[in-house]
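Please look through the structure below, which is introduced here for a reader who has not met it before. The report goes from a single contact to the strands, then to the aromatic rings and the charged pairs.

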Amino acid sequence: MEGHSLEALTIGIITYERHHYLERALDYYAAFGVNVVVADSSKEYFKKKLPQHITYLHVPEMEYFQKIRHLLTQVTTTFIIYLPDDDYVTHQGMTTCYRYMEHHTECVVAKGQNIAFSVEQGQIKFTLKNSYQYLLWQELGFIKERLSRVKKILQPYSQLVYCLHRTDVLRDFYSLDFSWLKSVGFFERTLNIYMAIRGEVAYLNTFFGAREVGNSRQHEGYNYSLHHEVLHSEKKEDQEEVAAMKRLLTNELLQHENIAKEAATSIITESLEAFCQHTMNRDPNLPRSLEEVRQAKKSANHWKARWMKPYVVGNDRFGRPFEHQKLQFPVYEKRYREALKRIYRSIKKYKHIYG
């Protein structure tokens, strides 16, 4: 069991028909001694024996929003880290975020730096995600004034779904009506703006975790231009989705700020427009639409990879990235080597799940 007590924290994991990934996750988190609640909508019950601090909820065929809402009803701790079944969070990362939020009651969500990983042809590859944005996120996270925070929360964009949250705030968010939702991307951006409305967002100087890409979960790829198109689309269904998103966030903002409804809607619109403009200006060679991607005969993931610096952890020379890269970001610091090794050993132990 790790050092610092995290008794007011629960790790919440959702899964569906992926018991091999769930087994890997629970094996990894077992040593942390942290409360874990799993909501599994698979048809079959997960039959592995679990330690006392892990609560398993079998909710067959329950859809996503029902599942996360049900999971949240079972969480009694002040804080929760909500995760898919293929993500890793480091003990140092969760401890740093936990301690910060314990002492900063105005903060509703905290995160550190993530890396990405994939397993390709039996080789484990790690990638430093969005390193160029890291210092900008840290600066953004400590904006005290709510309206400024809401306007800037999406530039640059960093998802706030899989982070450390105040349980009551996350529960409030998932109690909202999302029947209008069609895009996963819009859902994530709705959550970001909602959290900026509810309180401060902390991007802390810590190695938070590792997120899997390319194998187990389907990703939208580099879809910023898609959001740009939808926000300015003339299609009725797109306009309805954007209008519903703005209504939801406008109503939330009005509950916390004494301003006119038109002003609140304008602030939400400004936040979304700034997100589009920031990403469109980031690189003149960035394709503006899926059609441009097709014409270039390159996948969406190609464009996303332009801002990610890959490195490989080899079996014989673990630690190679620290020798070959500058120590500019938390993941490169010596104090986090053991955390990275632990993630690597877990991936290697369960490498058979990739076939």
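In this structure, the charged end of R18 is placed over the ring of Y21, at 4.1 Å from the ring centre. The model is a predicted one, and the values in this report are to be read with that in mind. R18 also belongs to a network of salt bridges, in which R18 is linked with D85 and D86.

**Strands**

Strand β2, which spans residues 35–40, is mostly covered, since five of its six residues are buried. Strand β1 (residues 9–15) pairs with β2 in the parallel sense over six bridges, and within this pairing I11 stands opposite V36 in β2. Between these two strands the chain passes through helix α1 (residues 19–29), and the β-α-β crossover from β1 to β2 is right-handed. β2 also pairs with strand β3 (residues 54–58), again in the parallel sense, over five bridges, with V37 standing opposite T55 in β3.

Strand β9, made up of residues 200–212, is mostly covered as well, with twelve of its 13 residues buried. Its pairing with strand β5 (residues 88–89) is antiparallel and runs over two bridges, and there V89 stands opposite G209 in β9. With strand β6 (residues 107–120), on the other hand, β9 pairs in the parallel sense over nine bridges, and V109 is found opposite V201 in β9.

**Aromatic rings**

The count of aromatic pairs comes to 26. One of them joins F178 and W180 in a tilted arrangement, with 6.1 Å from centre to centre and 45° between the planes. Another joins F178 and F187, whose rings meet edge-to-face at 5.6 Å centre to centre, with 75° between the planes. F178 is buried, with a relative accessible area of 6%, and F187 is buried too, at 7%; W180 is likewise buried. These three residues are part of one aromatic cluster, whose members also include Y64, F65, Y82, Y162, F173, Y174 and Y194.

**Charged pairs**

Side chains of opposite charge can pair when their charged atoms come close. In this model the count of salt bridges comes to 14, and the table below gives some of them with their N to O distances.

| Acidic residue | Basic residue | N to O distance |
|---|---|---|
| E200 | K144 | 3.2 Å |
| E257 | R146 | 2.9 Å |
| E240 | K236 | 4.0 Å |

What does the salt bridge between E200 and K144 tie together? E200 lies in strand β9, whereas K144 lies in the loop between α4 (134–141) and α5 (146–152), so the pair ties together parts that are 56 residues apart in sequence. E200 is buried, with a relative accessible area of 7%, while K144 counts as exposed because its relative accessibility is 54%.

The salt bridge of E257 and R146 also links distant parts of the chain, with E257 in the loop between α9 (236–254) and α10 (261–281) and R146 in helix α5, 111 residues apart. Both of these residues, E257 and R146, are buried.

The pair of E240 and K236 lies within helix α9, where the two residues are four apart and therefore separated by about one helical turn. E240 is partly exposed, with a relative accessible area of 42%, and K236 counts as exposed at 60% relative accessibility.

Methods: Residues are numbered from 1 along each chain as its sequence is written. This is a predicted model: local features need pLDDT of at least 70, side-chain atom pairs count only at pLDDT 80 or more; totals for chains, interfaces and linings use all residues. Side-chain values use heavy atoms; hydrogens and water are left out. Rings of Phe, Tyr and Trp (its six-membered ring) pair if their centres lie within 6.5 Å; planes under 30 degrees apart count as stacked, over 60 as edge-to-face and the rest as tilted. Buried means under 20% relative accessible area, exposed over 50%, partly exposed in between (1.4 Å probe, protein chains only). A charge sits over a ring if NZ of Lys or CZ of Arg is within 6 Å of the ring centre and within 35 degrees of the ring normal. Two strands pair if DSSP finds at least two bridges between them. A crossover is right-handed if, with the strands pointing away from the viewer, the path from the first strand over the helix to the second runs clockwise. A salt bridge is a side-chain nitrogen of Lys or Arg within 4 Å of a carboxyl oxygen of Asp or Glu.
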